[in-house]
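Q: I have a sequence and a 3D model open, and I'd like to learn how to read them. Could you walk me through it?

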Amino acid sequence: QVQLVESGGGLVQAGGSLRLSCAASGRTFSRYAKGWFRQAPGKEREFVASVSGSGGSTYYADSVKGRFTISRDNAKNTVYLQMNSLKAEDTAVYYCAASSRHSGSNYYVPTLRGSYDYWGQGTQVTVSS
């Protein structure tokens, strides 16, 4: 059984930083593309960032570009989201996800929810202004 478990969420003041982690357990899928999405109350779940299976490529939503960094440690089967210069509008539940398509690719960085097969349970990030 594949499991993705997020951690690192919490309450932070605007301008602060948080680092989210997503650890995978069960089936080995360290070479799958990984992504982070977020969902604010009353809004659709939206793409934040993704990283290719090899870690060679990343892609970001315009709203977080320059502030957030996605990275991965395949040896630990973990993906991270470093969030700096946080704003009140970053408040949301953050979800990590994994895509089994194009496993190990250096270029595949999916942005659509439908491209992902596995999802974590989410972690709350609250930014106070």
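Q: In what order do the elements of the chain run from the N terminus on?
A: Keep in mind that this is a predicted model. From the N terminus on, the order is β-β-β-β-β-β-β-β-β-β-β. Counted up, that gives 11 strands and 0 helices.

Q: How does the radius of gyration of the chain compare with the globule rule?
A: The radius of gyration is 14 Å, close to the 14 Å that the rule gives for 129 residues, so the chain is as compact as a globular protein of that length. You can also look at its extent: along the principal axes, the C-alpha trace spans about 40 × 25 × 25 Å.

Q: What share of the residues in the chain is buried?
A: Here the cut-off helps: a residue is buried when its relative accessible area is under 20%. Of the 129 residues in the chain, 49% are buried. As for the outside, the accessible surface comes to about 6300 Å², and carbon and sulfur atoms own 46% of that.

Q: What part of the contacts comes from residues 24 or more positions apart?
A: Take the contacts with a separation of 6 or more: 62% of them join residues that are 24 or more positions apart.

Q: Now the sheets. What is the strand order in the open sheet of 4 strands?
A: To read a sheet, list its strands by who sits beside whom. The order here is 1-3-8-7, with antiparallel pairing. Strand 1 and strand 7 are the edge strands, each pairing on one side only. On average, neighbouring strands of this sheet are turned by 15° against each other, direction ignored.

Q: How many bridges join strand 3 to strand 8?
A: Strand 3 (residues 18-25) and strand 8 run antiparallel and are joined by 6 bridges. One of the facing pairs is alanine 23 opposite threonine 78 in strand 8.

Q: And which residues of strand 8 stand opposite phenylalanine 68, isoleucine 70 and arginine 72?
A: Strand 7 (residues 68-73) pairs with strand 8 over 6 bridges, again in the antiparallel sense. Walk along strand 7 and you meet phenylalanine 68, whose bridge partner is methionine 83. Next on this walk, isoleucine 70 stands opposite leucine 81, and arginine 72 stands opposite valine 79.

Q: Which side chains of strand 7 point to the buried face?
A: Look for alternation along the strand. Phe68, Ile70 and Arg72 point to one face and are buried, while Thr69, Ser71 and Asp73 point to the other and are not. Strand 8, at residues 78-83, is mostly covered, with 5 of its 6 residues buried.

Q: What is special about the backbone in the hairpin of strand 7 and strand 8?
A: Check the phi angles there. The hairpin has 4 residues between its strands, and asparagine 77 takes a positive phi near 55°.

Q: How many disulfides does a search of the whole structure find?
A: A disulfide is a covalent bond between the sulfur atoms of two cysteines. The search finds 1. Cysteine 22 and cysteine 96 form it, with their sulfur atoms 1.9 Å apart. Cysteine 22 lies in strand 3 and cysteine 96 in strand 9, so the pair ties together parts that are 74 residues apart in sequence. The torsion about the S-S bond is about 45°, so the disulfide is right-handed.

Q: Are the two cysteines buried or exposed?
A: Cysteine 22 counts as buried at 2% relative accessibility. Cysteine 96 is buried too, with a relative accessible area of 0%.

Q: Where does aspartate 90 lie, and which residues does aspartate 90 touch?
A: Aspartate 90 lies in the loop between strand 8 and strand 9 (92-99). Aspartate 90 is buried, with a relative accessible area of 0%. Not counting residues up to four places away in sequence, aspartate 90 touches Arg38, Arg67, Phe68, Ser85, Val125 and Val127.

Q: One last residue: where is the place of glutamine 3?
A: Glutamine 3 is in strand 1 (residues 3-7). Glutamine 3 is partly exposed, at a relative accessible area of 44%. Leaving aside neighbours within four places in sequence, glutamine 3 is in contact with Ala23, Ala24, Ser25 and Phe29. Try a distance as well: from glutamine 3 to serine 85, C-alpha to C-alpha, it is 30 Å in space and 82 residues in sequence.

Note on methods. Residues numbered from 1 in each chain as written. Predicted model: local features only at pLDDT ≥ 70, side-chain atom pairs only at ≥ 80, totals over all residues. Heavy atoms only, no water. Buried < 20%, exposed > 50% of the residue type's maximum accessible area, 1.4 Å probe, protein only. Helix = DSSP H or I, 4+ residues; strand = E, 2+ residues; numbered from the N terminus. Pairing = 2+ DSSP bridges. Contact = heavy atoms within 4.5 Å. Axes fitted to C-alpha atoms, helices over the stretch in contact; angles between N-to-C directions. Rg over C-alpha atoms; globule rule 2.2 N^0.38 Å. Areas by Shrake-Rupley, 256 points an atom, 1.4 Å probe, with all protein chains shown as cover. Disulfide = S-S within 2.5 Å.
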